[in-house]
Amino acid sequence: MNNKEYKPTLAQLRTFVTIAENRHFGTAASKLNISQPSLSQALVALETGLGIQLIERSTRKVIVTPTGEALLPYAKATLEAADAFVAHARGAHGVLSGPLNIGIIPTIAPYILPTLLQLIQSEFPDLTPRIIEEPTKHLLAKLRDGNVDVALLALPTHAPGVSELELYDEDFIVVTNEKHKLSGLQNLTLDVLEELDLLLLDDGHCLRDQIVDLCKNVQTTPSNSSQSDTRAASLTTIMQLVVAGLGSTLVPKSAIAAECTRPGLGLSTFQKSVDAKRTIGLAYRSSSSRIHEFEELGALCRKAYKEVAKTSDAILSR
């Protein structure tokens, strides 16, 4: 029976949301850093107060009831609003402070994150960044579910309910074996993609899709865009393959210092008039009230990239 005077606590709502997202009591309790009995008690108190069942429990699995599914978005919105309230209270007028879950794709994180974290520590010492590195698809899912507050990735995402803030364009650099005839050239056109045996990241990485799209402009297909025995989950692995003479690749400029200074590699650039680049920006829920904070974060991301790009330009000009 519904208690009209009942008001759920934020802790009870967070318990419900965490169980619904993980479909496992043990995992939910671990994420909330509480015991399973305490977790169960909080859920029972919520369901009793509302007079409805939100979660079905069985020995095999946890099921969110249809009523629970209908109420889940409202619970998430309430928690998000509470988090935003606390964030604004800690840092008035959108100044970055408190915890912030930042998603970053693997082809950005290793290259600008060291500089970005230094800038955050220097300019916003009260901010506690929590970094989640995953491919775009997974970050968008976490963003939608409220597990990520904002994500640094390649735009556009075309994701419903997601707003985007463009930060900078990043050129692609051609990486070949140092003995390749194109090694060291600085005026390439897209036509060279037809003669390169391109090695790409495995499925699920947006960098792979961007290079495939670039190849479509010259009606060519990368060597492993369909079936191939060669699979690489990181740019580091691809660099080793290029050194071994198994092919060539394209990398974002920010990756040059970290990935492309090893012996055996040759670097080449496209003509300035060639549109061979990706657009990087922030993605966040359109319902979020933290846009001013994300703009502050975006300014730091842009600054971090510029510093990394300077190092890359110095390497390319050697």
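## Cysteines, ring pairs and Ser-254

The sulfur of Cys-301 has its closest cysteine sulfur 15 Å away, in Cys-206, and that is too far for a bond. Seen from the other end, Cys-206 likewise finds its closest cysteine sulfur in Cys-301, at 15 Å. The structure therefore holds zero disulfides, because a disulfide is a pair of cysteine sulfur atoms within 2.5 Å. Both cysteines are nonetheless buried (under 20% relative accessible area; over 50% is exposed and the range in between partly exposed, with a 1.4 Å probe and protein chains only). Cys-206 has a relative accessible area of 14%, while Cys-301 is at 2%.

A word on how to read these values: this is a predicted model, in which local features need pLDDT of at least 70 and side-chain atom pairs count only at pLDDT 80 or more, while totals for chains, interfaces and linings use all residues. Residues are numbered from 1 along each chain as its sequence is written, and side-chain values use heavy atoms, leaving out hydrogens and water.

Now to the rings. How many aromatic pairs does a search of the whole structure find? There are two, a pair being rings of Phe, Tyr or Trp (its six-membered ring) with centres within 6.5 Å, called stacked if the planes are under 30 degrees apart, edge-to-face if over 60 and tilted for the rest. Tyr-168 and Tyr-305 are stacked, with 4.0 Å from centre to centre and 5 degrees between the planes. This pair links distant parts of the chain, 137 residues apart: Tyr-168 sits in strand S6 (residues 162-177) and Tyr-305 in helix H10 (residues 291-316). Helices (H or I, at least four residues) and strands (E, at least two) are DSSP runs numbered from the N terminus.

Tyr-284 and Phe-294 make a tilted pair, at 5.2 Å centre to centre and 45 degrees between the planes. Tyr-284 belongs to strand S9 (residues 277-285) and Phe-294 to helix H10, so the pair ties together parts ten residues apart in sequence.

Here is how the ring residues fare for burial:

| Residue | Relative accessible area | Class |
|---|---|---|
| Tyr-168 | 8% | buried |
| Tyr-305 | 7% | buried |
| Tyr-284 | 9% | buried |
| Phe-294 | 1% | buried |

Finally, have a look at Ser-254, in the loop between strand S7 (249-252) and helix H9 (256-259). Ser-254 is buried, at 3% relative accessible area. Its side chain joins that of Glu-170 through a polar contact of 2.5 Å (N or O atoms within 3.5 Å; within protein, one must be able to donate a hydrogen and the other to accept it, and residues adjacent in sequence count only if both atoms are side-chain atoms). Leaving aside residues up to four places away in sequence, Ser-254 touches several others, including Tyr-111, Arg-278 and the stacked Tyr-305, where contact means heavy atoms within 4.5 Å.
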